[in-house]
Amino acid sequence: MINTATNAIEIKNLVVSFPTPAGYSAVVRGINLTINPGDRVAIVGESGSGKTMMGLSMLGIQPTAAKVEGEILIGDVNMVTAADAVARKLRGNYISMVFQEPLTSLNPVRTISSQLSESVRRHNSISKKEAEARVLAVLTAVGIPAPKERMKSYPHQLSGGLRQRVMIALALINKPQLVVADEPTTALDATIQAQILDLLRSGMGDAALMLITHDLAVAADVCNRIVVMYAGNIVEQGPVAEILSNPKHPYTRGLLSAIPKFDQARPALNPIPGAPPTISEVVPGCRFASRCSYADAQCTASEPEFINNIACFHPVTGAVK
Amino acid sequence: MSQDSKDLVTPITRRKMFKSKNKSLATLRISASILAALFIIAIFQPFFYTVDPAASDLTLRLQSPSLDGALLGTDALGQDVYSRVIAGFRWSLGIGTVGTLLGCLIGITLGVSAAWNRKRLRIVLSRVIDIGISFPYLIIAVTIVTVVGRGFWPLALTLGLVCWPTIARIVYAETLTLREREYVTAARLFGIGSIRSIFTHILPALRPTIQVVAAFTFAELLIAESGLSFLGLGAPLGTPTWGNMLNESRLYMESAPWMMFGPVTAIIVTIFTANLLGEGLNAREHSRSTRVSQ
Amino acid sequence: MSPDKKLINAVDLSVTFKVPSGSLRAVDTVSFYVNAGETVAIVGESGSGKTTLALSLMRAYAPTSGNLFFEDEDITHLSEKALKDFRKKVQMVFQDPYSSLDPRMTVSQVIAEPLRAHFKLSANERDEKAGESLKAVGLSPDFLNRRASQFSGGQRQRIAIARALALDPKVLVADEPVSALDVSTQAQIVNLLQSIQEERNISYILVSHDLRLVYHLATRVVVMYLGKVVEEGACDDVVANPQHPYTAALLSAVPALDEASRRDRIVLNGAPPSPIARPTGCSFHPRCPIARPECSTNTPELQTMPNGRKVACFYPGELQPHISFTSSK
């Protein structure tokens, strides 16, 4: 049996790379991260930052072309090297995932109830009746109104918000240690997003949450810790309040000042100039240097290491205006 | 992000992609070259004759193939089978080409007009296409040819007139999805008229599909043409076409079996190549569209 | 041009679509106008009819009832031919810069497409005009001969904006112009839209669900729910003091960077109902936190308040969200 005594999920020096005509290029470039029980960690970054690929490889469901190196430790199992059977056992049971588009992740020809109870029974030897009772309990817990009736529905009969609740129920049903949620509210309407954010913040039971998002405000809304990724690296991490009030990395500051706010003066937004490096682009030094207003010769000469929760030669202090 | 999760569902490694792409490209190149060669034979056929295909020498009838005499033997009238097979290229490829072009013209016009129109015209035209598809086209062709008479143009035009429904249906379906593309809506809101929009956005996007359909239609018309000629409904008797030659060889199946080898090989090779071309074009289009979606 | 001249003016506009189960009134007696140089935002969730309204303001759909005026001319029933001049003056930027540009066209062809609909141009003139438009959106004219499919999302949206600007329009309809883009790129496009408006005095009709963006860009806001306008007014006023509970909930739903907004969030129950099965009375009452029995039987009309605000609610202003305003002044 799998020993999960340590109760923490540890990522050590994770590298995910893809074959390109010029050899393997890394989209995740050596990441170290520990997620403790009950943590709600947000992984924030733009498209191409490697955040999704990191999430997928944590469950061992990265695209087949991807090469994963390093360690993803769930208890004493290393997800990277684990046999398929072991990884399958862990998925759903110890670590599960919520995707952006629930309709494409649910089986359209099976009822909600049959999909959820199948998941229960795959990991537990219990009767159909017991499984259904558990399904009902978890559907109630994720706030689905009239759960008894909804159990008999098919995914397309539910609204987008309810489908996402079903996805979350599916992720939670085996009481995993960690739920990875990849942009779970991006496809939803504003008022529905608010409902799901509420659920993610306070309805996850004992499971830790890793929320992958491009929106710092969504991250701040749900999580207690923020990890900022840029072009495959973690560039800064810290408690939400700390990151919002005193962001040190120029990229984090850039992200914060790029969001429009309810500011009566309506100052022009401060976009981050340029675009992130492409996957095959070789960048000497800090990968953010070309877009950074603080960059100097040191930044293009060598890559800053991730020390004291930040990877920058010139950390800035003070709040972002 | 959604792209990443899409990869999950259909994992395609790059190497696999390259491999299948190269293979389909090779199919395409080979079949296109063979077909081009066949067309060259059809156009410059006098250069490929060993003797005049029409010349008959009754003293040399039913001779078996030999390297220094008639390459593929001679028929009952003492005509050279090889030269007659070569002569048949012009007839068959010509009818295939004219028929396919006419069929495409009718099919594209009807298909695009039916899909583009939002009102009554669409209902009428799509019914017309449905009816066209449900008719057995070979029987219609037989009827028309019987009434109009034999010959190159009657046959070519008849085949063109009966082969459009499939083309129209495919074009119709594809245009329906293309019409909903945002850039087509955008064009309308810029004040661009329907005709212009069809020519700048719809037809260029349809081109790959039309190429594939045309290649398959071409192969189909070759079969139809040979069939009709074989039944004596195609070329006037005595014209050197593959179908006619097959028909003539029937009587001598036991005494002079070589009479049918030539035309049969020509029919098989041409149809096979045209089908291969269709497959190749289809595979190329498919690999393109998957590349775009990634 | 006088500052308060109505460029586009819709009066009691309705748009109905036929669906298998009957008819769907996507836009229900909506009056809407946009003045020269202002930005009017149409706000709502999916199914609210905001995009349908924007498109019908462009006469992409023929209205089923009501009237549409452009510069005081009634264009409700004009033929596509007669609309040509209108089409020149009203342009659009779509949400998804991937599907709104023909992947087979070069950048030059994309940008020149609207030009060629209205003028006869030589290839050189076309490239020249397209190059100018490209410069106006901050892209190098060297890109003219590349295909649109070679560019990133942000660059594509710039190309789409360049195309919309090519005819020097008076009104630009932007349907969620940044929601498909990354945060850092969003800010670039928002700033670009602002500077274009300052330079050219174009009116914007902004369709968006992002109230932070709306607050940042718009002068006036129209809030829609199930095809109807439920609130309308000056942007500052609506955000600072929402009258309709739906507006309050939308404002409150904005993901917030501060603790207080989150704690006091108004979270609505359920999802918007289908426009085919519209609730009786006030359409919003099944989800409304302050609904009274009468709300399910009587339909509130859109009332104009003394300060020019319009609201369709029996209890205006009762529900207030917590919003943390900042001021960088």
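The following exercises, each with a worked solution, concern a predicted model.

**Exercise 1. Describe the open sheet of chain A, from its strand order to its edges and to the helix that packs on it.**

Begin with the order of the strands, which in this open sheet of 6 strands of chain A runs 6-7-8-3-9-10, with mixed pairing. Next, look for strands that pair on one side only, and these edge strands turn out to be strand 6 (95-98) and strand 10 (233-239) of chain A. As for the twist, neighbouring strands of this sheet are turned by 20° against each other on average, when direction is ignored. Finally, turn to the packing: helix 7 of chain A, residues 160-172, lies against the sheet and touches strand 6 and strand 7 (178-182) of chain A, while the direction of helix 7 makes about 175° with that of strand 6 of chain A.

**Exercise 2. Determine in which sense strand 9 and strand 10 of chain A pair, and find the residue that stands opposite Val227(A).**

Recall that strands of a sheet pair through backbone hydrogen bonds, either parallel or antiparallel. For strand 9 (residues 225-230) and strand 10 of chain A the sense is antiparallel, and the pairing extends over 6 bridges. Within strand 10 of chain A, the residue opposite Val227(A) is Gln237(A).

**Exercise 3. Establish how far helix 11 of chain A is covered, and by which elements.**

Count the buried residues of helix 11 (residues 250-258) of chain A, and 8 of its 9 residues qualify, so that the helix is mostly covered. Among them are Pro250(A), Tyr251(A), Arg253(A) and Leu256(A). Then list the partners: within chain A, the buried residues of helix 11 pack against helix 9 (216-222), strand 9, strand 10 and helix 10 (240-245), and helix 6 of chain C also belongs to these partners.

**Exercise 4. Characterise the side of chain C that touches chain A.**

The contact involves 37 residues of chain C and 39 residues of chain A. On the chain C side, the elements that give two or more residues are helix 6 (183-200), helix 7 (211-217) and helix 9 (245-253) of chain C, and helix 6 of chain C gives the most, with 8 residues. Sorted by class, this side has 17 nonpolar, 14 polar and 6 charged residues.

**Exercise 5. Locate Asp263(A) and decide whether it is buried, exposed or partly exposed.**

Asp263(A) is placed in the loop between helix 11 and helix 12 (297-301) of chain A. Because it has 17 C-beta neighbours inside 10 Å, Asp263(A) counts as partly exposed. Asp296(A) lies 33 residues from Asp263(A) in sequence and 32 Å from it in space, C-alpha to C-alpha.

Methods
Residues numbered from 1 in each chain as written. Chains lettered and ligands numbered in written order. Predicted model: local features only at pLDDT ≥ 70, side-chain atom pairs only at ≥ 80, totals over all residues. Contact = placed C-beta atoms within 7 Å. Helix = DSSP H or I, 4+ residues; strand = E, 2+ residues; numbered from the N terminus. Nonpolar A, V, L, I, M, F, W, Y, C, P; charged D, E, K, R; others polar. Pairing = 2+ DSSP bridges. Axes fitted to C-alpha atoms, helices over the stretch in contact; angles between N-to-C directions. Buried ≥ 20, exposed ≤ 12 C-beta atoms within 10 Å, placed from the backbone.
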